[in-house]
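Please open the structure in your viewer and keep the selection tool at hand. The stops below are meant to be visited one after another.

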Amino acid sequence: MKSLVLSSPSSWPNHFCSSTMLDKNSCSFTRQLFPEYQRDAGLCELHLQRTCSYKEFPSRIRKGEDWKVCRIAVFRADSSESSGHSGVPMFSLVGDSLYKRISELGDPNLSVFTVLQQWVNEGRGAKKSELQRIVKELRKYRRYKHALEVSEWIASRRNYQLAPSDCAIRLDLIAKVHGIVSAGKFFERLPDEAKNKLTLGALLNAYVNENMTAKAEAIMEKLKESGYAIDTITYNSMMKLYMSTHRFEKVPLMIQEMKKNDIPLDKFSYSIWLNCVAMSDVNKMEEVIDEVKHDNNVNTDWTIYSTLAAAYVKAGILDKAESALEKVKNKMPQSDRSAYEYLITLYASVGKRDEVYKVWHSLKLIFPKPKNRSYICLLSSLVKMGDVEGAEQIFKEWESVCVRYDIRMANICLKAYVKKGLLEKAESLLGNIIQKGGEPNFNTWEIFAEGCIQNGKFEQAVAALKKSASVGKFVKWQPKPVNVLAILKHFETHCDLESAEDLLKLLRDLNCVDIEMCNSLIRTYAKSGKADPGIFELMERYKVNCNEETDMLLKQTRQP
């Protein structure tokens, strides 16, 4: 393979330089091809490189400067080599990889198959181990649909031999993407040799996630009957299921079974057990902690004591909660961000404002640039304690350093203002959000609507709910019934039929109609002296059942 290297940008013609710009967008580079090379059927690869260091590049780009390619290597294949490419260009960009291309898709509606096929068409290899790693990474970031597509692509390749773990992972992904029924059908279609501990375990976890107790127990029995060694993770899954379905009496039985069969308990087993004991007898939690201390297989790290502290907080035993929190502080690693956040939340629960700020300052010493989630944790905790002024200061601090406007931060403050009846501050904050490039979501507008309702500004409340409906249409947002009823009650009291009908139109568009709303609308018509405009048909359409009041009201409003 021969190569042509253009070594100096200063020697390139102007038209050549103008078409070789790189820009940075969402950590990916886009590139333009030179027409004269793109038309060349012999072109196999175009390598784009830059001379600046990685650290220099982002800082310059943020200043709005474009960078020209500093070195281009064009590789031409011999006729024998190029015959397999049919004259299609192949591109290799610095940092390019299959995982990078897939991760850049972003939108789950976009297909991974196209990216995989393009990769293969470019003559690149895709080892099974690399594809498995990609599946693992996509699962970690909860991109289950794309992970499933990669998994299905692996299964479709004849040269890849599927391992039991591949089938188990695929079953888990099917359950997450297509539902438990599809996962069950996939399991039934597996050959008998593939219905092993791994796939049975994956199916059990799928049933656990759907709180399907009977089916999960059946799989558990099948594992036992098949002679498979049941591990700690499986028992933890079953105990998690029993906690979720409020079958607390089953958890101690699982613990006894584990001990009887010499299956070691881990910190998650003890945490579930602690939470279960806290439901019935808080005082017995100390017995569980003593057992943990004497279990050489378990490291009594901070998470055990955080579970203990949370249980004491819930039970209202604040002195023991504070004692457990001190142990959390002593055992937590300084590098664990989640430990600081957990401490902030729990100290707020016991009303220790000074401790909340101490932990926050400690977090900032280790992490000088806290993440949004840390700010959200602190802001929520301050609002919970009623420290609105402190929350305002933290919010301003975050605004001064944020790279991307996180509307969740603003929503916390907005909710605090509404709760305190500070509508003017809420209005001012909403204006600032929009001015600074923030994008209010459906929660933002509904919180503001609640503030308007509390202050008797019902027209503004309806306008805010309409905006909620507009930005929340893709998630099928529906307003809280309590807010709708409060507005309808106002229209009913003031015989404001026009506004009531306007709100009714919104409710119909949102498929959000119930009997209380219908009765309020009928009462408004009755007070206005007008006949029923088709409410009964509306109720039939939305399968709203009449009650005694409805029947009486409909008789009053129907025309003779």
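Select Cys495 to begin, bearing in mind that the model is predicted; this residue is partly exposed, with a relative accessible area of 36%. Cys495 sits in the loop between helix 27 (481-493) and helix 28, and its backbone has a positive phi of about 50 degrees although Cys495 is not a glycine. Most residues other than glycine have a negative phi.

From that loop, move into helix 28 (residues 497-509) and select Asp509 together with Lys505, which lie four residues apart in this helix and are therefore separated by about one helical turn. The two form a salt bridge in which the closest N and O atoms are 3.4 Å apart, and Asp509 is exposed, with a relative accessible area of 57%.

How many salt bridges does the count come to? The count comes to 28 salt bridges, and the next selections show some others.

Select Lys364 and Glu397, which form a salt bridge with their closest N and O atoms 2.8 Å apart. Lys364 belongs to helix 20 (residues 353-366) and Glu397 to helix 22 (residues 388-401), so this pair ties together parts that are 33 residues apart in sequence. Both partners can be checked in a surface view: Lys364 is partly exposed at a relative accessible area of 26%, and Glu397 is partly exposed at 24%.

Keep Glu397 selected and add Ser400, which also has its place in helix 22. The side chain of Ser400 reaches the backbone oxygen of Glu397 at 2.6 Å, while Ser400 itself counts as exposed, with a relative accessibility of 59%.

Stay with helix 22 and select Glu392, then add Lys425, with which Glu392 forms a salt bridge whose closest N and O atoms are 2.9 Å apart. This pair links distant parts of the chain, since Glu392 is in helix 22 and Lys425 is in helix 24 (residues 423-435), 33 residues apart. Is Glu392 buried or exposed? At 15% relative accessibility, Glu392 counts as buried, whereas Lys425 is partly exposed, with a relative accessible area of 40%.

For a stop with several charged residues together, select Glu326, Lys329, Glu355 and Lys358, which are linked in a network of salt bridges.

Now go to Arg142, in the loop between helix 7 (128-140) and helix 8 (144-156). Arg142 has a positive phi of about 60 degrees although it is not a glycine, and Arg142 is exposed, with a relative accessible area of 66%.

Finally, display the two helices on either side of that loop. How are helix 7 and helix 8 arranged relative to each other? Helix 7 and helix 8 pack at an angle of about 160 degrees, with their axes 8 Å apart, and they are therefore roughly antiparallel to each other. If you turn the view to look across the pair, helix 7 passes helix 8 in a left-handed crossing. To see where the helices meet, select on the helix 7 side residues including Leu131, Ile134, Val135 and Leu138, and on the helix 8 side residues including Tyr144, Ala147, Val150, Trp153 and Ile154. The meeting residues also include Lys128, Gln132 and Arg139 from helix 7, as well as His146 and Ser151 from helix 8.

Terms used. Residues numbered from 1 in each chain as written. Predicted model: local features only at pLDDT ≥ 70, side-chain atom pairs only at ≥ 80, totals over all residues. Heavy atoms only, no water. Salt bridge = Lys/Arg side-chain N within 4 Å of Asp/Glu carboxyl O. Helix = DSSP H or I, 4+ residues; strand = E, 2+ residues; numbered from the N terminus. Buried < 20%, exposed > 50% of the residue type's maximum accessible area, 1.4 Å probe, protein only. Polar contact = N/O pair within 3.5 Å; in protein donor to acceptor, adjacent residues only side chain to side chain. Axes fitted to C-alpha atoms, helices over the stretch in contact; angles between N-to-C directions. Parallel < 35°, antiparallel > 145°, perpendicular 65-115°, else oblique. Left-handed = near helix turned anticlockwise from the far one by under 90°. Contact = heavy atoms within 4.5 Å.
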